[in-house]
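Load the model and keep the sequence beside it. We will go from one residue outward to the sheet, the disulfide and the core.

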Amino acid sequence: QVQLVESGGGSVQAGDSLRLSCTASGRTSTSVAMGWFRQVPGKEREFVAAILWVGSNTYYADFVKGRFTISKDNAKNTVYLQMNSLQPEDTAVFYCATKTTLNFGSRWFENTYRYDYWGQGTQVTVSS
């Protein structure tokens with residue numbers, strides 16, 4: 001199994017920035033990709049960004065529009081989500097997830113079922 005712990009959430013004003021972190025532990029050698037999702041009450045979990053541990057491929061949701069950047073530190077088994085120009089509509093619980101299988105498929109990164117382990121989530125609140 002892989003355990004994931006997110007951190008870095010908080011309450012900010014519109015236009016501010018936050019950096020979320022997600023550290024993996026356990027059988028991290030089985031992890032091939034990491035993703036960030038977000039969820040608001042009453043809505044489905046929504047893809048934000050993803051990254052492969054090997055290489056430099058990154059993937060983003062259209063709504064990110066260059067405001068968010070996903071990055072990784074392989075030595076620390078940690079991925080980051082740098083979020084700039086935050087807006088009230090970004091308010092959500094942000095979750096990180098890891099994919100441990102090689103069955104990618106078309107636009108695999110967008111689908112929650114492609115990920116095998118999830119963190120507990122970190123709240124991001126943006127006020128206007």
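Start at Thr-122, which sits in strand β11. Bear in mind that this is a predicted model. Is Thr-122 buried or exposed? Its relative accessible area is 10%. The cut-off for buried is under 20%, so Thr-122 counts as buried.

What surrounds Thr-122? Setting aside residues up to four places away in sequence, Thr-122 touches Glu-6, Ser-7, Gly-8 and Gly-9. Leu-20 also touches Thr-122, as do Ala-92, Val-93 and Phe-94. With Gly-9 there is a polar approach: a polar atom of the Thr-122 side chain lies 3.2 Å from the backbone nitrogen of Gly-9.

Now turn to the sheet. Four strands form an open sheet in the order β1-β3-β8-β7, and their pairing is antiparallel. Which strands stand at the edges? They are β1 and β7. Each has a single partner strand, so one side of each lacks a neighbour in the sheet. On average, neighbouring strands here are turned by 20° against each other, direction ignored. Look closer at β7 and β8: their antiparallel pairing runs over 6 bridges. Within that pairing, Phe-68 has Met-83 of β8 as its bridge partner.

Next comes the disulfide. How many does a search of the whole structure find? It finds 1. Its cysteines are Cys-22 and Cys-96, with sulfur atoms 1.9 Å apart. Cys-22 belongs to strand β3 and Cys-96 to strand β9, so the pair ties together parts 74 residues apart in sequence. The torsion about the S-S bond is about 50°, so the disulfide is right-handed. Both ends are out of reach of the probe. Cys-22 has 0% relative accessibility and counts as buried. Cys-96 also has 0% and counts as buried.

Finally, the core. In soluble globular proteins, nonpolar side chains tend to be buried together. Here the largest nonpolar core has 37 residues. Those with the most contacts inside it are Trp-36, Phe-47, Val-48, Leu-81, Met-83, Phe-94 and Tyr-115. Many strands feed this core: β1, β3, β4, β5, β7, β8, β9 and β11 each supply at least two residues. Which strand gives the most? That is β5, with 6 residues.

Take Tyr-115 as a last stop. Leaving aside neighbours within four places in sequence, Tyr-115 is in contact with Met-34, Gly-35, Phe-37, Phe-47 and Ala-50. Its other contacts are Ala-97, Thr-98, Lys-99, Trp-108 and Phe-109.

Notes
Residues numbered from 1 in each chain as written. Predicted model: local features only at pLDDT ≥ 70, side-chain atom pairs only at ≥ 80, totals over all residues. Heavy atoms only, no water. Core = buried A, V, L, I, M, F, W, Y, C linked by side-chain atoms within 4.5 Å. Buried < 20%, exposed > 50% of the residue type's maximum accessible area, 1.4 Å probe, protein only. Contact = heavy atoms within 4.5 Å. Disulfide = S-S within 2.5 Å. Pairing = 2+ DSSP bridges. Axes fitted to C-alpha atoms, helices over the stretch in contact; angles between N-to-C directions. Polar contact = N/O pair within 3.5 Å; in protein donor to acceptor, adjacent residues only side chain to side chain.
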